Amino acid sequence: MSIEVADLCKTYGNQKAIDGISFKALPGSVLGFLGPNGAGKSTTMKILTCFIPQTSGTAHICGFDARTDSMEVRRHIGYLPEHNPLYLDMYVRETLAFIGAIQKIDQTEKRINDVIERCGLGDEQNKKLGALSKGYRQRVGLAQAILADPKVLILDEPTSGLDPNQVIAIRALIKDLSKIKTVVLSTHIMQEVDAICEQVIIINKGKIVADDTLKGLRLKHNNKSLENIFIELTGSHVNQAQII
Amino acid sequence: MISILFKEISGFFTSWVAYLIMAAFMLVTGLFLWVFPDSSILDYGYAGLDSFFNIAPYLFIFLVPAITMRAIAEEKKDGTFELLATRPLSDWDILFGKFLACLVIVLLTLLPTLIYYFSIYHLGITRGNIDTGAVIGSYIGLVLLGSAFTSIGLFTSSLSNNQIIAFTVAVFLCFFSFSGFDSISSIISLQRIASFLTELGINQHYQSVSRGVLDTRDLIYFLSFTALFLFLSKTILGARKW
């Protein structure tokens, strides 16, 4: 079991950002984390990556507790935060070398070459990040996430703001990576879930409202489209009526 | 920590901040030491670096916050802090890396001013007629002062996402901790604790080190001052975990 989350809660002041969620994720699959904006997707990911601690509950990654064993957890995850923050005044290779040095990986040069090839950054490898297009920046974000060859990849809205060609390329890359890794990605794009996820978790107002395989979810809801299932589970009835 | 240190230093040089700071420091101290009649060595007539060491702390009050202001504020604003904090690095690693990088820039700013010492050494009517002990002491004083100001700057940089705010607050804190306590101690109703108040200020200890006597009390003062503000910065960085 690569990720095991039990009864996880996070409160900001009086507001419950996530409220008792539990789920598991297996290696070799893509777990889609769906939910409306503000449902608690990013908060969950920030807890899994040890950026902020939970208020209660536990999160284990590769058997290590995110709160008590955070250094070990951080060695086993690759994280692409929302909005893909990067050092825009650094060069592609420089960034990767920097991350490699932090992660203390072996044969940095060889690994960087591998990752650059894998993420299709060959033509851009000597450019400054500030000079790259959004799609290529996203690839750099992914490249730095997978550089240390982590067992678990956590990607927060990896395709937001990309053009359709870039979306397809990034999805193919994620799909490819998921063969040997556990991938958790958050999104609110339904086609994305259709295209790459095996398991789907729908989260609304901090609570899990569905946790199933893609097929299972469809079966339960009379083969409705994922979009309609999403609206049914997370939208208020008024909104639902308007959309339909 | 080492990787953060190198990344920061290379950042200072690619963004021209380092060159700008060094040039500004050289230019202003050069003018005061050799050109402006009130403080120029050529008019003053004594082979000493006193006017340089008197003006340098006031330049540091502005230049050190300019070096440190982006250190943490920018990372927080761009979200890259999340990149660092989710890597196998402790907050101390990040903080020390940045502190040392800023301190290296401060040292590199001081380094070219050694040329003043050698010029005066050779220009004296009796060659070498300069109080070398006091010069060494003053340089140590400046380095200690630089580390104290750097820790203040890192602290204010961790307080805000806005570099201008970080800079302004740091300038104020540096100025106040340097000479504010002296000014307060001259208030008449505080005369009874005046000597205690001046002891709190940096100026008192800087002057003491500048005389060329390296007193452990001064050393401990500077080290604990730096440690205090580094600790405060660490607390602010850790606040996300509360």
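**Exercise 1.** How many of the six residues of strand 8 (residues 182-187) of chain A are buried? Work on the predicted model, and then place the strand among its partners.

*Solution.*
Step 1. Six of the six residues of strand 8 of chain A are buried, so the strand is largely enclosed by the rest of the structure.
Step 2. Take the two faces in turn. Thr182(A), Val184(A) and Ser186(A) lie on one side, and Val183(A), Leu185(A) and Thr187(A) on the other; both faces are covered.
Step 3. Look for partner strands. Strand 3 (residues 30-34) of chain A pairs with strand 8 of chain A in the parallel sense over five bridges. Strand 7 (residues 152-156) of chain A also pairs with strand 8 of chain A through five bridges in the parallel sense.
Step 4. Fix the register. Val184(A) has Leu31(A) opposite it, and Ile154(A) likewise stands opposite Val184(A).

**Exercise 2.** Find the strand order of the open six-stranded sheet in chain A, and identify its edges and the helices that pack on it.

*Solution.*
Step 1. The order is 6-7-8-3-9-10, and the pairing is mixed.
Step 2. Strand 6 (77-80) and strand 10 (207-213) of chain A are at the edges; each has a single partner strand, so one side of each is left without a neighbour in the sheet.
Step 3. On average, neighbouring strands of this sheet are turned by 15 degrees against each other, direction ignored.
Step 4. At one edge, strand 6 of chain A runs parallel to strand 7 of chain A and is joined to that strand by four bridges. Within this pair, Tyr79(A) has Ile154(A) as its bridge partner.
Step 5. Now add the helices. Helix 6 (residues 164-177) of chain A lies across strand 3, strand 7 and strand 8 of chain A, at about 150 degrees to strand 8 of chain A. Helix 9 (residues 226-234) of chain A touches strand 3, strand 9 (199-204) and strand 10 of chain A, and its direction makes about 35 degrees with that of strand 9 of chain A.

**Exercise 3.** Describe the open sheet of four strands in chain A, from its order to the helix packed on it.

*Solution.*
Step 1. The strands follow the order 2-1-4-5, with antiparallel pairing.
Step 2. Strand 2 (15-25) and strand 5 (64-65) of chain A are the edge strands, each pairing on one side only.
Step 3. Strand 1 of chain A pairs with strand 2 of chain A over eight bridges in the antiparallel sense, and Leu8(A) stands opposite Ile21(A). Two residues lie between these strands in their hairpin, where Gly13(A) takes a positive phi near 65 degrees.
Step 4. Strand 1 (residues 3-12) of chain A is joined to strand 4 (residues 56-61) of chain A by five bridges, and these strands run antiparallel. Val5(A) has Ala59(A) as bridge partner. Helix 1 (residues 41-48) of chain A packs on the sheet through contacts with strand 1, strand 2 and strand 4 of chain A, and its direction makes about 115 degrees with that of strand 1 of chain A.

**Exercise 4.** Which residues of the largest nonpolar core touch the most other members?

*Solution.*
Step 1. The core has 68 residues, and Ala143(A) and Ile154(A) touch the most other members.
Step 2. Set aside neighbours within four places in sequence. The contacts of Ala143(A) are then Leu96(A), Val115(A), Ile116(A), Cys119(A) and Leu121(A).
Step 3. Another core, of 54 residues, lies apart from this one; among its members are Ile4(B), Phe12(B), Val64(B) and Tyr139(B).

**Exercise 5.** Classify the packing of helix 4 (residues 50-68) and helix 7 (residues 91-110) of chain B, then examine helix 5 of chain B.

*Solution.*
Step 1. The axes of helix 4 and helix 7 of chain B are 10 Å apart, and the angle is about 140 degrees.
Step 2. Helix 4 of chain B and helix 7 of chain B are therefore oblique to each other, and their crossing is right-handed.
Step 3. Val64(B), Ile67(B) and Thr68(B) of helix 4 of chain B make the contact with Cys102(B), Ile105(B) and Val106(B) of helix 7 of chain B.
Step 4. Helix 5 (residues 70-78) of chain B has Arg70(B), Ala71(B), Ile72(B), Ala73(B) and Glu75(B) buried. Its buried residues pack against several helices of chain B, including helix 4 and helix 7. Gly79(B) follows helix 5 of chain B and has a positive phi, near 80 degrees.

Definitions and conventions:
Residues are numbered from 1 along each chain as its sequence is written. Chains are lettered from A and ligands numbered from 1 in the order in which they are written. This is a predicted model: local features need pLDDT of at least 70, side-chain atom pairs count only at pLDDT 80 or more; totals for chains, interfaces and linings use all residues. A nonpolar core is a set of buried Ala, Val, Leu, Ile, Met, Phe, Trp, Tyr and Cys residues joined through C-beta atoms within 7 Å. A residue is buried if 20 or more other C-beta atoms lie within 10 Å of its own, exposed if 12 or fewer, and partly exposed in between; C-beta atoms are placed from the backbone. Two residues are in contact if their C-beta atoms, placed from the backbone, lie within 7 Å. Two strands pair if DSSP finds at least two bridges between them. Axes are lines fitted to C-alpha atoms, for helices over the stretch in contact, and angles run from 0 to 180 degrees between N-to-C directions. Angles under 35 degrees count as roughly parallel, over 145 as roughly antiparallel, 65 to 115 as roughly perpendicular and the rest as oblique. A crossing is left-handed if the near helix is turned anticlockwise from the far one by less than a right angle, and right-handed if clockwise.
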